[in-house]
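Thanks, everyone. Let me put the model up on the screen, and then I will walk through a loop, a helix and the packing in the interior.

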Amino acid sequence: MAAQSGLELQPILLQRLNDARMRSDELFAIIRPDALYDRPIPERHRIIFYIGHLEAFDWNLLRERALGLPTFHSEFDRLFAFGIDPVGGGLPSDQPPDWPLLGKVRRYVERVRRTLDDALTAALISGAKNGEFPLSLLLNVAIEHRLMHAETLAYMLHQMPLDRKVRPAMRPALVTANTGRDVASDVSTEIPEGTATLGLSGKEEQFGWDNEYEGHEVRVPRFAIDRFRVTNRDYLEFMKAGGYQERSLWSEDDWNWITKAGVNQPVFWKKEGERWLYRTMFDEIPLPPDWPVYVSHAEASAYSRWQGKSLPTEAQWHRAAVGTPQGGERAYPWGNQTPSAKHGNFDFQSWNPVAVNDFPAGRSAFGIDGLVGNGWEWTSTVFAPFPGFERFPFYPGYSADFFDGKHYVLKGASVRTAACMARRSFRNWFQGHYQYAYAGFRCVEN
């Protein structure tokens, strides 16, 4: 992490911050005004919280640590400071009247932006170095934090009834070369024994979150991995075979969860008579068979057991994604070229997934498809610190609060993941029973 101190503040960071704001503003614009106090996912705050949270986070991060600014609304600074991720099973019980009026929140947001922009512009012009941490480091944190919320907000809004959202002017549907071709679900590729380099080195001139450090090598024994992600078609076969009723496919904790919660299908699916529909952000459509299935870690694990396989470890996924038959490693599955639209379905190109074989240009050196974009991929690795881990002192709970044995690492990227987080070291994580993320999986045989 020390390498970040050598970075110079660049005007591009200010532009990136404005671009990230645009992403979050676009999301809030698709919600009908009378729905802004809704809670689409029981485990999460009401939407009004996130309108204030994104600015409060930037303000609390930058105000004292880099810009020396006085506070003007300490109550909102505290109220909107942190999101929630209940581990003990408790759900929030607040009601809409418990939150401030929208107009007051909007005025807070506008003033924070205006004040920060003026101070950041002045800091850029003067070149002054205020505070303990480089302004470039803190800006990267602010940018990626907001972009993460642009994704998590998307899947939260995905759960809202269609009549609570306003369809924006839609871009043309994403069209790719392989659309409509059948996907062979039983094709696997053997990966020879080799080394996976996880994480970032402190000497690298690249931003990374605290859980990405320190970089280290892991020896990975030979294994075989599915060439393609598990599709809706594949998962439907699991359901038809009684997968949700077969106790032997589920761990005790997972079985207790699905029986108590009544889970018997992916949360993005809907049964209408004898046919299955898929709930996109703005429509209900016939289930697309070749799109990746989005499920919880528990559901992915049960399917893998049904196949006589398992989920990959973080190191196995990494080896298959960026390793090469020659023994070296790439920056990305396709090579060292900067991520672009031809490499996968990510960086806000679309609201929806596409077929799992639609991006041959993103194929790895071992011939594995779709490793970045179209949905995160669950691993069997419990989210935990790497050797040499050090908390970000200005954001100590970002990772450490979730080293609890209940969260699992996800790799890759989703449809709504920004390109900057498609780096190979980035680690996402969710609890094993969380169904709402844009997350799927592929299987391995050891």
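I will begin with Leu-91, which, if we do not count residues up to four places away in sequence, touches Pro-42 and Glu-43, where contact means heavy atoms within 4.5 Å. Please keep in mind that this is a predicted model, in which local features need pLDDT of at least 70 and side-chain atom pairs count only at pLDDT 80 or more, while totals for chains, interfaces and linings use all residues. Residues are numbered from 1 along each chain as its sequence is written, and side-chain values use heavy atoms, with hydrogens and water left out.

Leu-91 sits in the loop between helix 3 (74-79) and helix 4 (102-126); helices here are DSSP runs of H or I with at least four residues, strands are runs of E with at least two, and both are numbered from the N terminus.

Turning to helix 8, residues 297-306, eight of its ten residues are buried, that is, under 20% relative accessible area with a 1.4 Å probe, protein chains only. Among the buried ones are Glu-299 and Tyr-303, and the cover over the buried residues of helix 8 includes helix 6, helix 7, strand 8 and strand 9.

Glu-299 and Tyr-303 also appear among the contacts of Tyr-235, once neighbours within four places are set aside, together with Trp-269 and Phe-441. Tyr-235, Trp-269, Phe-441 and Leu-67 have the most contacts inside the largest nonpolar core, which has 111 residues; such a core is a set of buried Ala, Val, Leu, Ile, Met, Phe, Trp, Tyr and Cys residues joined through side-chain atoms within 4.5 Å. Its largest share, 15 residues, comes from helix 5.

Methods. Buried < 20%, exposed > 50% of the residue type's maximum accessible area, 1.4 Å probe, protein only.
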